[in-house]
Amino acid sequence: MEEQIINYLKEQGKSSVNDLAAALDMAGSQKFPQLIKVISQLESNKKLRFHQDGYVSLRKEVPKKKHEITIQGVFRANKNGFGFLHVSDDEEDMFIGRNDVGYAIDGDTVDVVIKKPADRLKGTAAEVRVVDVVERALKTVVGTFILDDERPPYAGYIKSKNQKIPQKIYIKKEPVALDGSEVIKAEIDKYPTRHHDYFVAHVRDIIGHKDDVGIDVLEVLESMDIVSEFPEAVMAEAEAIPDAPSESDFEGRLDLRDEITFTIDGKEAKDLDDAVHIKKLPNGNFELGVHIADVSYYVTEGSALDKEAVARGTSVYVTDRVVPMLPERLSNGICSLNPNVNRLTQSAIMEINPQGKVVKHTITQTVIKTTFRMTYDDVNQMLAGNPAVIDQFKPIMESVSHMAELHKILVAMRIKRGALDFDRPEAKILVDNKGLPTDVVVRDRGTAERMIESFMLAANECVAEHFAKRKLPFIYRIHETPKAEKLQKFMDYASLFGVPIYGTANSLGQKALQEFMNRIAGQPGHEVMSMMLLRSMQQARYSENNHGHYGLAADYYTHFTSPIRRYPDLLVHRMVREYSDLTEEKKEHFQEVIPELASSSSALERRAIDAERTVEAMKKAEYMADQVGQEFEAVVASVVKFGMFIELPNTIEGLVHITTLPEFYNYNERTMTLQGEKSGKVFRVGQKIKVRLTRADKETGDIDFAYLPSDFDSIEKVDRQARKAREEKAKEFRNRQGSGKRRFDKRQDRFGDKDKADKGKGKWDKKPDDHRKKKPDKRKNQNRPHNDKKGRESGRRRKKR
């Protein structure tokens with residue numbers, strides 16, 4: 001319809017909306033609102049404009065300045081007003097100052113011009129200015145509706161929880177009256193401009209009321225367009241799927257129902273999508289079978305279920321709920337590998353030698369029947385030698401023992417090849433039946449959890465290598481080599497531990513990093529260093545090209561083991577099936593669709609991570625709000641120029657701002673430390689510290705602490721020479737600013753005309769002939785304590801007024 005509107009306005013010129021509706025056959029109560037929606041979208045994209053008389057016309061393109069070269073990218077906003085331009089993963093982001101943002105919103109595609117090029121020697125990024133918003137990313141907003149009659153055309157406004165959107169979003173008056181208790185989802189009609197610094201939107205949906213249980217989490221999810229409900233067409237397809245497979249479904253599948261196969265999951269898990277079998281072979285090798293629910297058998301390409309799964313990309317796990325990628329009828333029903341029932345699976349059956357190498361493998365469609373539904377707790381108890389639990393699950397005790405043995409072999413193999421261990425403590429937030437947090441604890445990960453993870457990694461690697469060597473179009477999970485700049489920064493800081501990292505940032509291998517982490521294991525700050533190393537890595541993503549997995553030190557890697565909750569896994573299963581009967585048409589088809597699916601899956605994964613982190617920060621702040629004033633022992637997690645972030649033992653983080661410290665502190669960027677100017681007190685990463693909680697804001701997720709003196713404090717000798725240099729630099733700066741007299745060339749007047757200067761006209765330094773020093777009026781200045789410069793201070797104040 002956009003094209004039709006543009007073509008009509010090109011032919012007819014300025015037109016009324018009614019004429020436009022009549023010409024395009026969009027009049028009437030059903031079609032007209034759709035036309036208005038498209039027109040509003042075209043206006044937002046700066047393709048047409050509204051006139052004061054209500055008519056619309058095409059917007060004339062503003063010609064670019066001569067020789068002005070623009071760069072297009074995605075704007076990433078900071079809540080403090082500035083932002084960055086992201087062009088591609090291979091290029092450094094460019095800085096956009098607060099005054100150069102224009103009216104771009106976080107996520108917008110924008111055109112920019114360069115103000116200042118990057119300086120690699122100084123390590124500074126290029127500075128750019130936004131000149132045009134090409135495409136808006138923000139289409140809808142969610143927030144609590146506030147009644148307000150300040151602007152009569154609107155019923156009120158909502159304020160987004162997104163701190164990157166400071167403007168109000170005014171809501172058009174609706175046929176249904178709103179009372180101010182609603183949490184609404186609104187669709188944006190107009191964006192801020194130089195004429196009005198606010199949004200205009202209309203109500204799309206009322207998602208709840210501000211006192212509803214769990215509305216806070218729902219508001220976060222809805223604001224990111226993460227929706228729990230499935231469309232009717234999707235649910236209809238799900239309901240049409242049978243409760244159990246039939247004999248005809250088993251045709252052409254490898255029958256593994258006689259194998260001792262079982263699932264191992266959390267106690268509360270319902271979607272049991274993976275099972276394993278294991279046995280020791282006569283030659284000393286292990287046979288490991290990883291069996292994954294064959295979701296792709298039921299979710300066929302192009303179906304409503306498939307399209308919805310593509311749109312969701314992944315299941316989203318937040319504190320008190322899961323937003324699934326597929327309806328529960330599948331994930332908890334026919335695709336759940338429940339005990340003692342026939343289930344369709346896809347399997348990676350691997351023969352692994354005592355060195356952890358896969359010497360033979362089969363990847364195929366199978367049918368299994370699990371014998372037990374095991375929990376991580378049960379398996380950990382068996383491995384710990386609990387006789388009651390061993391007796392309860394005696395038929396699989398031998399299998400569990402083999403699993404523990406193979407797990408050790410696989411871990412040793414990965415360590416040997418250089419895999420990095422980023423095993424960080426993970427928070428578990430406990431909530432009551434009203435969604436209120438009652439505790440924040442560290443999630444336990446025993447041998448059973450690590451064992452299953454190890455087997456899933458082996459299956460993912462095996463499947464990826466299988467298809468890579470067949471040179472077929474495929475989707476990989478890649479983790480590229482870290483950028484040299486980030487690694488160099490990590491290496492610089494690591495040197496402070498007195499443990500050197502051998503190699504250069506441009507050619508640093510995983511083994512050098514692994515050796516460093518092993519050598520500092522157990523030392524103060526080890527966990528923080530592990531986090532810093534993780535932050536220096538690139539983000540893993542999906543790609544049609546294989547670049548290996550740096551963190552795992554694996555040449556081949558994909559995601560095969562969770563098709564219920566990740567779309568790339570479902571796609572891999574589909575390719576396993578389709579490639580069993582290979583044709584050129586199938587190869588060309590997957591060659592075409594994989595790149596877009598890889599890109600969208602990566603983006604949706606990042607959205608899910610953002611949602612999970614936002615909810616976690618909100619719930620942690622809500623939990624801490626009742627503990628303001630309490631004292632805690634913590635660890636310094638990172639040091640920045642504006643203060644330091646500290647972490648409590650239960651993973652809760654907060655900021656100690658530099659302005660709350662008892663004296664002036666100098667920040668050393670090279671050592672990432674803060675040192676007191678007078679006391680010499682030093683704060684560095686990994687150091688223990690005592691703090692008091694001063695603020696916890698659920699709305700923003702911010703938590704603030706104040707430093708408390710304690711026995712943990714470290715005092716070092718202040719570098720007097722450096723201090724003197726700082727003072728001299730400050731003095732020099734004050735002198736340059738200080739006298740308030742403007743420097744000038746006496747031979748030039750204010751316009752730079754030497755001839756006039758020679759004639760004695762327009763000299764800045766020449767005082768008028770009738771100049772007399774006026775004494776300050778003491779009556780006027782007697783109550784002004786800073787007026788010690790003959791009235792100059794008060795004179796400046798008068799001018800400002």
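Which residue is the bridge partner of Val74 in β6? In this predicted model, that partner is Thr109. The pair offers a convenient way into the strand arrangement, since Val74 and Thr109 belong to elements that recur throughout the description below.

Strand β3, spanning residues 70–77, runs antiparallel to strand β6, residues 109–116, and five bridges join the two. On β6 there is a further antiparallel partner, strand β7 (residues 127–135), to which β6 is joined by seven bridges. Within this pairing, Lys116 stands opposite Glu127 of β7. Glu127 appears again in the pairing with β5, where it is the bridge partner of Phe95. Strand β5 covers residues 94–96, and its pairing with β7 is parallel, over two bridges. Taken together, five strands close into a barrel, in the order β3-β4-β5-β7-β6, with mixed pairing. From one strand to the next, the twist averages 50 degrees. As general background, the strands of a sheet pair through backbone hydrogen bonds, in either the parallel or the antiparallel sense.

We turn next to the charged side chains. Salt bridges in the model come to a count of 42. One of them links the side chains of Arg204 and Glu187, with an N to O distance of 3.9 Å. Arg204 sits in strand β12 (residues 199–209) and Glu187 in strand β11 (residues 182–190), so this salt bridge ties together parts that are 17 residues apart in sequence. The two partners can also be described by their accessibility: Arg204 is partly exposed, at a relative accessible area of 46%, whereas Glu187 counts as buried because its relative accessibility is 13%, under the 20% limit. Another salt bridge brings together Lys586 and Glu578, at 3.3 Å from N to O. Here Glu578 is partly exposed, with 26% relative accessible area.

A salt bridge within a helix is found between Glu616 and Lys620, whose side chains meet at 3.0 Å, N to O. Both residues lie in helix α16 (residues 584–624), and their separation of four residues is about one turn of the helix. Glu616 is partly exposed, having a relative accessible area of 31%, while Lys620, at 10% relative accessibility, counts as buried. Elsewhere, salt bridges with shared partners join Lys79, Arg695, Asp697, Asp702 and Asp704 into one network.

Lys620 also leads to a loop residue, Thr651. The loop that holds Thr651 runs between β27 (643–647) and β28 (653–657). Thr651 counts as buried because its relative accessibility is 9%. Beyond its neighbours within four places in sequence, Thr651 is in contact with Lys620, and also with Pro425, Ala427 and Val442.

The nonpolar interior comes next. In soluble globular proteins, nonpolar side chains tend to be buried together. The largest nonpolar core of this model has 82 residues, and those with the most contacts inside it are Val290, Met350, Met403, Phe455 and Met575. Helix α11 (residues 447–469) provides the largest share of this core, namely twelve residues. Apart from this core lies another, of 50 residues, with Leu420, Leu487, Ile501 and Ile689 among them. Looking more closely at Val290, and leaving aside neighbours within four places in sequence, its contacts include Met350 and Phe455. Val290 is likewise in contact with Ala275, Val276, Gln346, Ser347, Ala348, Met456, Ala459 and Thr561.

Is Phe467, a residue of helix α11, buried or exposed? Phe467 counts as buried because its relative accessibility is 2%. Not counting residues up to four places away in sequence, Phe467 touches Leu472, Phe474, Tyr476, Val576 and Tyr579. Between Phe467 and Val572 the C-alpha to C-alpha distance is 10.0 Å, although the two are 105 residues apart in sequence.

Finally, a word on confidence. The protein chain has a mean pLDDT of 86, and 88% of its residues reach 70 or more. Over residues 739–767 the pLDDT is below 50, and this stretch has 22 contacts in the model beyond near neighbours in sequence. The pLDDT is also below 50 over residues 777–801, a stretch with ten contacts beyond near neighbours in sequence.

Conventions. Residues numbered from 1 in each chain as written. Predicted model: local features only at pLDDT ≥ 70, side-chain atom pairs only at ≥ 80, totals over all residues. Heavy atoms only, no water. Pairing = 2+ DSSP bridges. Buried < 20%, exposed > 50% of the residue type's maximum accessible area, 1.4 Å probe, protein only. Contact = heavy atoms within 4.5 Å. Axes fitted to C-alpha atoms, helices over the stretch in contact; angles between N-to-C directions. Salt bridge = Lys/Arg side-chain N within 4 Å of Asp/Glu carboxyl O. Core = buried A, V, L, I, M, F, W, Y, C linked by side-chain atoms within 4.5 Å. pLDDT = per-residue confidence, 0-100.
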